Amino acid sequence: MPADPIRPATAADAAPLAALAARAFSAAFGPDNRPEDLARYVADHFNPTQLAAELADPAATFLVTHRGARLTGYAKLHDGPPPECVTARPALELVRLYVDPEAIGTGPGSAPMAASPATAGGGGAEAGRLG
């Protein structure tokens, strides 16, 4: 199967990103959490208003993969000062890497990972770090 195309996210992606994040987070963490706790977390953190605010942050870069109009995965990167223990500069933070549960194993997670250092913060990151 050919790789899913990748592109920078736009403000118009807020609602689809929220839906994708809710599905991916719920699939990954649902079995280990009480349903009411999971529902509250997802509602607070993965709603269109919250994702629109994150998309508007100039220090954030979102890279999305898609199949047609359907988003299959995304990476959220943050270009900000790393902690002192990270000596390489600049160092991008990988905040999230989410893949639609139905697309796991078909490639949409690899494209944002490969493109992240070259894309976020104007490109040229020397190092990456997990957030």
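Are Phe 46 and Tyr 98 buried or exposed? Both residues are buried, and they turn up again in several of the close-ups below. Please keep in mind while browsing that this is a predicted model.

**View 1. Phe 46 and Tyr 98 form an edge-to-face aromatic pair.**
The two ring centres lie 5.9 Å apart, with 70° between the planes. This pair links distant parts of the chain: Phe 46 sits in the loop between α2 and α3, while Tyr 98 belongs to strand β4, 52 residues away. With a relative accessibility of 5%, Phe 46 counts as buried. If we set aside neighbours within four places in sequence, the contacts of Tyr 98 are Ala 21, Ala 24, Phe 25, Phe 46, Gly 73 and Tyr 74.

**View 2. Seven aromatic pairs are found in the structure.**
One of them brings Tyr 41 and Phe 46 together edge-to-face, 6.0 Å from centre to centre and with 70° between the planes. Tyr 41 has a relative accessibility of 34% and so counts as partly exposed, whereas Phe 46, at 5%, counts as buried. Step back a little and a cluster appears, in which ring pairs link Phe 25, Phe 29, Tyr 41, Phe 46, Phe 62, Tyr 74 and Tyr 98.

**View 3. The largest nonpolar core is made of 20 residues.**
Which residues have the most contacts inside this core? They are Leu 17, Phe 46, Leu 51, Phe 62, Tyr 74 and Tyr 98. Two or more core residues come from each of α1, α2, α3, β2 and β3. Helix α1 gives the most, with eight residues. As general background, nonpolar side chains tend to be buried together in soluble globular proteins.

**View 4. Helix α3, residues 48-56, has Leu 51, Glu 54 and Leu 55 as its buried residues.**
Looking down the axis of α3, you will find these buried residues within an arc of 100°, so they line one face of the helix. A general point helps here: an α-helix has 3.6 residues a turn, so residues three or four places apart point the same way. The face of α3 turned away from the buried side carries the exposed residues Thr 49 and Ala 56. What covers the buried residues of α3 includes two helices, α1 (14-29) and α2 (35-45), along with strands β2 (60-67), β3 (70-78) and β4 (91-99). At the start of α3, have a look at Asn 47, where a side-chain oxygen comes to within 3.0 Å of the backbone nitrogen of Thr 49.

**View 5. Glu 54 and Lys 76 meet in a salt bridge.**
Their closest N and O atoms are 3.1 Å apart. Lys 76 lies in strand β3 and Glu 54 in helix α3, so this pair ties together parts that are 22 residues apart in sequence. How does each partner fare for accessibility? Lys 76, at 12% relative accessibility, counts as buried. Glu 54 likewise counts as buried, at 9%.

**View 6. Asp 100 forms salt bridges with Arg 23 and with Arg 70.**
In the pair with Arg 23, the N to O distance is 2.8 Å. Asp 100 is in the loop between β4 and α4 (110-119) and Arg 23 is in helix α1, so that contact ties together parts 77 residues apart in sequence. Asp 100 is buried, with a relative accessible area of 3%, while Arg 23 is partly exposed at 36%. For Arg 70 and Asp 100, the closest N and O atoms are 3.6 Å apart. This second pair also links distant parts of the chain, as Arg 70 sits in strand β3, 30 residues from Asp 100. Arg 70 is partly exposed, with a relative accessible area of 35%.

**View 7. Arg 34, Glu 36, Asp 37 and Arg 40 are joined into one network by salt bridges that share partners.**
How many salt bridges does the structure contain? The count comes to nine.

**View 8. Arg 67 is found in strand β2.**
With a relative accessibility of 26%, Arg 67 counts as partly exposed. The C-alpha atoms of Arg 67 and Asp 4 are separated by 6.0 Å, although the two residues are 63 residues apart along the chain.

Note on methods:
Residues are numbered from 1 along each chain as its sequence is written. This is a predicted model: local features need pLDDT of at least 70, side-chain atom pairs count only at pLDDT 80 or more; totals for chains, interfaces and linings use all residues. Side-chain values use heavy atoms; hydrogens and water are left out. Buried means under 20% relative accessible area, exposed over 50%, partly exposed in between (1.4 Å probe, protein chains only). Helices (H or I, at least four residues) and strands (E, at least two) are DSSP runs, numbered from the N terminus. The arc is that of the directions from the helix axis to the C-beta atoms. Contact means heavy atoms within 4.5 Å. A polar contact is a pair of N or O atoms within 3.5 Å; within protein, one must be able to donate a hydrogen and the other to accept it, and residues adjacent in sequence count only if both atoms are side-chain atoms. A nonpolar core is a set of buried Ala, Val, Leu, Ile, Met, Phe, Trp, Tyr and Cys residues joined through side-chain atoms within 4.5 Å. Rings of Phe, Tyr and Trp (its six-membered ring) pair if their centres lie within 6.5 Å; planes under 30 degrees apart count as stacked, over 60 as edge-to-face and the rest as tilted. A salt bridge is a side-chain nitrogen of Lys or Arg within 4 Å of a carboxyl oxygen of Asp or Glu.
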